[in-house]
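I open this notebook to record what I looked up in one structure. The entries follow the order in which I consulted the model.

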Amino acid sequence: MEKENISEETAAKLRDLDARIASDSGDEEALIARGRLYWALGMRSEAIGDYLAAQKLNPSGKGAQLLKATYEILDFYNKDLYNP
């Protein structure tokens, strides 16, 4: 999903988070919140970018945990789903 195809409420949340991050690039909470919102919108690469930025700020924090979980989800493979 692209930013143009989202609800006005979601767009407002993204604008707010963008503004918070622009004014304070070290706002780990805002990076994580925006990453989660991007993930929910199916914007995986943007979410990963925000999780990476949050991890750089706090290597053992929530951003690192979310990044690890994201990679586990993306790396998941079930051979039975592809070879019934």
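What percentage of the 84 residues of the chain count as buried? I find that 33% of them do. I note at the outset that the model is predicted.

**Entry 1. Overall layout**

I looked up the secondary structure and found five helices and zero strands in the chain. Read along the sequence, the pattern is α-α-α-α-α. I then took the extent along the principal axes: the C-alpha atoms fill a box of roughly 50 × 35 × 15 Å. For the surface, I recorded that the chain exposes about 5700 Å². Carbon and sulfur atoms supply 51% of that exposed area. I also examined contacts between residues at least 6 apart in sequence, and 38% of these join residues at least 24 apart.

**Entry 2. Salt bridges around Arg 34**

How many salt bridges does a search of the whole structure find? The search returns six. I began with those of Arg 34.

Arg 34 pairs with Asp 18, and the closest N and O atoms of this salt bridge are 2.7 Å apart. Arg 34 belongs to helix α2 (residues 28-40) and Asp 18 to helix α1 (residues 8-23), so the bridge ties together parts that are 16 residues apart in sequence. I checked the exposure of both partners. Arg 34 counts as buried, at 14% relative accessibility, whereas Asp 18 counts as partly exposed, at 25%.

Arg 34 also forms a salt bridge with Asp 50, where the closest N and O atoms are 2.7 Å apart. Here the partner Asp 50 sits in helix α3 (residues 44-57) and Arg 34 in helix α2, so this pair, too, ties together parts that are 16 residues apart in sequence. Is Asp 50 buried or exposed? I read a relative accessible area of 5% for Asp 50, and this residue is therefore buried.

**Entry 3. A salt bridge within α4, and the network**

I next looked up Lys 68 and Glu 72, whose side chains meet in a salt bridge at 3.8 Å, N to O. Both residues lie in helix α4 (residues 62-75); because they are four residues apart there, about one helical turn separates them. Lys 68 counts as exposed at 55% relative accessibility. Glu 72 is partly exposed, with a relative accessible area of 48%. I then asked which residues are joined into one network by salt bridges that share partners. Asp 18, Arg 34 and Asp 50 are joined in this way.

As background, I noted that side chains of opposite charge can pair when their charged atoms come close.

**Entry 4. Nonpolar surface patch**

Which residues form a nonpolar patch on the surface? I found Leu 52, Tyr 71, Ile 73 and Leu 74, which together have about 350 Å² of accessible area. Helix α4 gives the most to this patch, with three residues. Leu 52, for its part, lies in helix α3. I recorded Leu 52 as partly exposed, at 33% relative accessibility.

**Entry 5. Asp 27 in the loop between α1 and α2**

I located Asp 27 in the loop between α1 and α2. Is this residue, Asp 27, buried or exposed? Asp 27 is buried, since its relative accessible area is 16% and the limit for that class is under 20%. The side chain of Asp 27 makes a polar contact with the side chain of Arg 20, at 3.1 Å. Not counting residues up to four places away in sequence, I found that Asp 27 touches Arg 20 and Leu 57.

**Entry 6. Arg 36 in α2**

My last query concerned Arg 36, which lies in helix α2. Arg 36 counts as partly exposed, at 42% relative accessibility. Which residues does Arg 36 contact, leaving aside its neighbours within four places in sequence? I listed Tyr 51, Lys 62 and Leu 66. For one of these, Lys 62, I also took the C-alpha separation from Arg 36: the two atoms are separated by 11 Å, and the residues are 26 apart along the chain.

Technical notes:
Residues are numbered from 1 along each chain as its sequence is written. This is a predicted model: local features need pLDDT of at least 70, side-chain atom pairs count only at pLDDT 80 or more; totals for chains, interfaces and linings use all residues. Side-chain values use heavy atoms; hydrogens and water are left out. A salt bridge is a side-chain nitrogen of Lys or Arg within 4 Å of a carboxyl oxygen of Asp or Glu. Helices (H or I, at least four residues) and strands (E, at least two) are DSSP runs, numbered from the N terminus. Buried means under 20% relative accessible area, exposed over 50%, partly exposed in between (1.4 Å probe, protein chains only). Patches are made of residues with over 30% relative accessible area and no salt bridge: like charges are joined within 9 Å, nonpolar side chains (Val, Leu, Ile, Met, Phe, Trp, Tyr) within 5 Å. Accessible areas come from the Shrake-Rupley method with a 1.4 Å probe; for residues, only the protein chains shown count as cover. A polar contact is a pair of N or O atoms within 3.5 Å; within protein, one must be able to donate a hydrogen and the other to accept it, and residues adjacent in sequence count only if both atoms are side-chain atoms. Contact means heavy atoms within 4.5 Å.
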